[in-house]
Amino acid sequence: MKAIWNGQIIAESDQTIVVEGNHYFPPQSVRTEFFIPSSTHTTCPWKGIASYYTLDVENSQNKDAAWYYMEPKEAAQQIKNYIAFWKGVKITE
């Protein structure tokens, strides 16, 4: 699977985990040069507290377009530190 935004592959892996229709990419599969840590956090009742990254590609930013769970609840341990995308990031094979 590939995550593409603004014409750039920002993550690529054949080891994604699908949860609630979202592909979670292993942390080592992302191109960290495109990720800026965000101060945004949200809470999922069964996964826990999500943290976010803003994507920065070709001088364009996509605020909070990637999220991950650093300390997920027990039911979501399999996606610990894996990264998922939204806000126009295309997921393709």
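## A walk around Asp64 and its sheets

Leaving aside the neighbours within four places in sequence, Asp64 is in contact with Ser38, Thr40, Tyr52, Tyr53, Thr54, Trp86 and Lys87. Keep in mind as you read that this is a predicted model. Let us begin with this residue and then look at the strands around it.

Where in the chain does Asp64 sit? Look for Asp64 in strand 7, which covers residues 60-68. Is Asp64 buried or exposed? Its relative accessible area is 8%, and because buried means under 20%, Asp64 counts as buried. One of its contacts deserves a second look: the side chains of Asp64 and Ser38 make a polar contact at 2.6 Å.

**The sheet that holds strand 7**

Strand 7 belongs to an open sheet of 4 strands, in the order 5-6-7-8, and the pairing is antiparallel. Which strands stand at the edges of this sheet? They are strand 5 (35-44) and strand 8 (83-85); each has a single partner strand, so one side of each is left without a neighbour in the sheet. On average, neighbouring strands here are turned by 35° against each other, direction ignored.

Inside this sheet, strand 7 pairs with strand 6 (residues 48-57) in the antiparallel sense, over 6 bridges. You can find a place to start tracing: Tyr52 stands opposite Trp67 in strand 7. Tyr52 is also among the residues in contact with Asp64.

**A second sheet**

There is also an open sheet of 3 strands, ordered 2-1-9, again with antiparallel pairing. Here strand 2 (8-12) and strand 9 (90-92) stand at the edges, and since each has a single partner strand, one side of each is left without a neighbour in the sheet. From one strand to the next, the twist averages 30°.

How many bridges join strand 1 to strand 2? The count is 4, with strand 1 (residues 2-5) and strand 2 running antiparallel. To see the pairing for yourself, find Ala3, whose bridge partner in strand 2 is Ala11.

**Salt bridges**

Side chains of opposite charge can pair when their charged atoms come close. This structure holds 3 salt bridges, and the table sets them out.

| Acidic residue | Basic residue | Closest N to O |
|---|---|---|
| Glu20 | Lys47 | 2.5 Å |
| Glu33 | Arg31 | 3.1 Å |
| Asp64 | Lys63 | 3.6 Å |

Take the pair of Glu20 and Lys47. This pair links distant parts of the chain, 27 residues apart. Glu20 lies in the loop between strand 3 (17-19) and strand 4 (22-24), while Lys47 lies in the loop between strand 5 and strand 6. Glu20 is exposed, with a relative accessible area of 55%, whereas Lys47 counts as buried at 4% relative accessibility.

In the pair of Glu33 and Arg31, the side chains meet in a salt bridge. Glu33 is exposed, with a relative accessible area of 51%. Why is Arg31 called partly exposed? Its relative accessibility is 34%, and this label is used because the value falls between the cut-offs of 20% for buried and 50% for exposed.

The remaining pair brings us back to Asp64, which forms a salt bridge with Lys63. Lys63 is exposed, with a relative accessible area of 52%, while Asp64 is buried at 8%. Asp64 therefore has a salt bridge to Lys63 as well as a side-chain polar contact with Ser38, and its own relative accessible area puts it under the 20% cut-off for buried.

Conventions:
Residues are numbered from 1 along each chain as its sequence is written. This is a predicted model: local features need pLDDT of at least 70, side-chain atom pairs count only at pLDDT 80 or more; totals for chains, interfaces and linings use all residues. Side-chain values use heavy atoms; hydrogens and water are left out. Helices (H or I, at least four residues) and strands (E, at least two) are DSSP runs, numbered from the N terminus. Buried means under 20% relative accessible area, exposed over 50%, partly exposed in between (1.4 Å probe, protein chains only). A polar contact is a pair of N or O atoms within 3.5 Å; within protein, one must be able to donate a hydrogen and the other to accept it, and residues adjacent in sequence count only if both atoms are side-chain atoms. Contact means heavy atoms within 4.5 Å. Two strands pair if DSSP finds at least two bridges between them. Axes are lines fitted to C-alpha atoms, for helices over the stretch in contact, and angles run from 0 to 180 degrees between N-to-C directions. A salt bridge is a side-chain nitrogen of Lys or Arg within 4 Å of a carboxyl oxygen of Asp or Glu.
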